[in-house]
Amino acid sequence: MNVLFVSIDSLSRHFLDVYPEIDVEFDVETDNLDRFAERAAVFDTHYAGSLPCMPARREWLTGTQEFLWRPWGPVEPFDETLPRLAREDGIVTQFVTDHYHYFQHGSHGYYEDFNGFEFVRGHEFDAWQTTPRYPDEALLAQVTMGEDAPDAHQSAPDPDNLGFMNRAQYARNVDDFEDESDFFAPKVFDATAEWVRDVGEWDQWFCYVDSFDVHEPFHVPEPYASMYTDEDPRDPDLVNWPYYGRVDRGQSELTDRQLDFVRAQFAGKITMVDRWFGRVLDALDETGAWDETMVVVTADHGHFLGEHGWVGKPQAPMYDVLTHTPLFVHHPDAARAGERIDALTSAVDLYGTILDELGVEADHRHSRSLSPLLHGERDEHRDWAIYGYWGSSVNVTDGEYTYLHPCDESVDAECYSTEMMNALGWFQPREPEYDAEAGEFLPYTESPVWKWETYATGRHDDPMLFDVTDDPEQADDLAGADTEQEDRMRSLLVDAMEHLDAPPSQYERLGLP
Amino acid sequence: MADTIEYCLRNVDGETRERLAGGAGTDADATSDADTGAEIVEQRCLQRCGDCYRAAFLVVDGRLETADSHASLLSTHLAEASDR
């Protein structure tokens, strides 16, 4: 069996027709995801685990639910990556991406094990172009807040500022983009389609496609930019890259007009991704590869666009907007093809699933293969799925309720890794942790690691509880009202942490027995 | 006088955090600071990583302010508040 694994970053599932539980103001055109869903098993209760981007990728590629131990960082020496295991088993492995975080400060080890990789340059802060020194002024305004920002408090990024993470980088990177085909998702999916057409000489393959789109900045070409709005998409008063936070205050504050525009650009980007994803489906049609290929499509997380008063991936309660993710799996021999699967599943489970379907034997660490679900051998999968950011709240769902448990911000969080990553400033050059101690601290390896403490980050003061079956938008917090369910879900969280052998310090910072 | 003062955890030392945290909550539950009169918001990251790496900074009503120290930055806003 071949495996094509496609991630579409930040793809909020409630924007998709396939997941109609929550209405959005647009009918977002996703003809190709829709046609793929018709042949795939569609998972209704799939949740992210470790967040955000790179922690999700360590779950997928190494089977490690890392957020109880460490934040955004590299593959560890004791991890066994999917591409390494596959190539050692005689399977050719290919990686296609525009996701520059793989090549940025703070994370490495994710692409090196592939036999080949294609890196489409230039997205977000990718350190690619240094000219022109002064890129397009209108775009510079749009990648911050535009002149129409509340209180006119935002100004365009300074092109002369050579510091890290200057938004002028993006404006430089795309300065000579003219056609749709110059943009990122078109290049990623075009390269994937070409590879699928050419790979027939190999007996077995694993291809991982990681599209940074629909991640911000929500800068898209026509016709997508005007598809869901009557605004002039190049109006410098309109932002396409809002800061994370509350929509009603601070640097992330947005007017209603700005928020409407951002949502329209996000929707347009989904349609753009969908159209180019369709090229990959066409290649599978033309080559007949469907009959011998499992195709997985998912997202690492969603993206707040005004829901619950937030924008981005902010320090907000871990609502389902961010964590309840789409998952589609085509398998030529699956008994559940074309059906909905309501069993609770977790992002980390994709690791074991892909290994099983490739026929590679290896330890699955925290992953539980979805293969028995796909093949109709059982209907239930897991009792809990936990999720969160390192050093913050810890959250659990049983598929019917979500329980968001706060942390005590005054208790520092412990970080465990063989490397001294910046636990808070992920994208900055690393700095030594002089107080770190070394030891065998992890339950899943005998390798010594560093352990050190740093600030915790709270998201809410009190527990939150939602019945997501009856209230998928999580409008009604039941904590304190439905104490029976709250107690049950808190116990379930403890069960999950005990199962994973979470560090003792987690119980202290979470105030759990 | 400032309405909202935001700061990054990465960018503050313990003393400054304690000073700011007198009026700060998480981004989800920011509270008012009696001295500056502003709403203080603590975040893990304000997406100002380049400036965060190089200097002390605050984001005041959405605008980036940098200086050699947070004390210097705050003194301006304390003075503005006391003038009212």
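Two strands count as paired when DSSP finds at least two bridges between them. With that in hand, let us walk through this predicted model, starting with a pair of strands in chain A. Strand 7 (residues 293-298) and strand 10 (residues 327-330) of chain A run antiparallel and are joined by four bridges. If you would like a place to look, find A:Val297, which stands opposite A:Phe328 in strand 10 of chain A.

From that pair, the view can widen to the sheet around it. Strands 7 and 10 sit side by side in an open sheet of eight strands in chain A, whose order is 4-3-5-1-7-10-2-11. The pairing in this sheet is mixed. Strand 4 (116-119) and strand 11 of chain A are the edge strands, each pairing on one side only. From one strand to the next, the twist averages 15°.

Helices lie against these strands. Helix 1 (residues 31-39) of chain A packs on the sheet and touches strand 2, strand 7 and strand 10 of chain A. The direction of helix 1 makes about 55° with that of strand 10 of chain A. Helix 6 (residues 184-198) of chain A lies across strand 3 (92-97), strand 4 and strand 5 (205-211) of chain A. With strand 3 of chain A, helix 6 makes an angle of about 160°.

Helix 2 (residues 53-62) of chain A is worth a stop of its own. How many of its residues are buried? The count is 10 of 10, and charged side chains have not been left out of the list: A:Arg57, A:Arg58 and A:Glu59 are among the buried residues, along with others including A:Met54, A:Trp60 and A:Leu61. What covers the buried residues of helix 2 includes helix 3 (82-88) and helix 9 (349-358) of chain A. Just after helix 2, A:Gly63 takes a positive phi of about 70°.

Now step back to chain A as a whole. Chain A is divided into domain 1 (2-374) and domain 2 (385-510), and the centres of these domains, taken over C-alpha atoms, are separated by 24 Å. Across the boundary, 35 residues of domain 1 are in contact with 41 residues of domain 2. On the domain 1 side, the elements that give two or more residues are strand 2 (41-47), helix 8 (320-323) and strand 11 (340-346) of chain A. The residues of that side divide into 19 nonpolar, 11 polar and five charged. Strand 11 thus has two parts to play in this tour, as an edge strand of the sheet and as a contributor to the domain contact.

For a closer look further along chain A, go to A:Ala496 in helix 11 (residues 483-500). Why does A:Ala496 count as buried? A residue is buried if 20 or more other C-beta atoms lie within 10 Å of its own, and A:Ala496 counts as buried because it has 20 C-beta neighbours inside 10 Å. Not counting residues up to four places away in sequence, A:Ala496 touches A:Trp384, A:Ile386 and A:Val396. For a sense of scale, A:Ala496 and A:Trp290 are 37 Å apart in space, C-alpha to C-alpha, and 206 residues apart in sequence.

Chain B comes next. Of its 84 residues, 55% count as buried. Chain B has three helices and six strands, which follow the pattern β-α-β-β-β-α-β-β-α along the sequence. Among the contacts in chain B with a separation of 6 or more, 51% are between residues 24 or more positions apart. Strand 5 (residues 56-60) and strand 6 (residues 63-67) of chain B run antiparallel and share five bridges. In one of them, B:Phe57 has B:Thr66 as its bridge partner. These two strands form a hairpin with two residues between them, and B:Asp61 in the turn has a positive phi of about 50°.

How do the chains meet? In this model, 32 residues of chain A are in contact with 25 residues of chain B. The chain A side of that contact divides into 11 nonpolar, 14 polar and seven charged residues.

Finally, a word on confidence. The predictor gives the complex an ipTM of 0.86 and a pTM of 0.95. Chain B averages a pLDDT of 79, with 79% of the residues scoring at least 70. Within chain B, confidence is highest in strand 1 (residues 4-8), at a mean of 91, and lowest in strand 2 (residues 24-26), at 51. Where pLDDT is low, the predicted coordinates should not be read in detail.

Note on methods
Residues are numbered from 1 along each chain as its sequence is written. Chains are lettered from A and ligands numbered from 1 in the order in which they are written. This is a predicted model: local features need pLDDT of at least 70, side-chain atom pairs count only at pLDDT 80 or more; totals for chains, interfaces and linings use all residues. Two residues are in contact if their C-beta atoms, placed from the backbone, lie within 7 Å. Ala, Val, Leu, Ile, Met, Phe, Trp, Tyr, Cys and Pro count as nonpolar, Asp, Glu, Lys and Arg as charged, and the others, Gly among them, as polar. pLDDT is the predictor's confidence in each residue, from 0 to 100. Domain bounds come from an automatic or database domain assignment. Axes are lines fitted to C-alpha atoms, for helices over the stretch in contact, and angles run from 0 to 180 degrees between N-to-C directions. A residue is buried if 20 or more other C-beta atoms lie within 10 Å of its own, exposed if 12 or fewer, and partly exposed in between; C-beta atoms are placed from the backbone.
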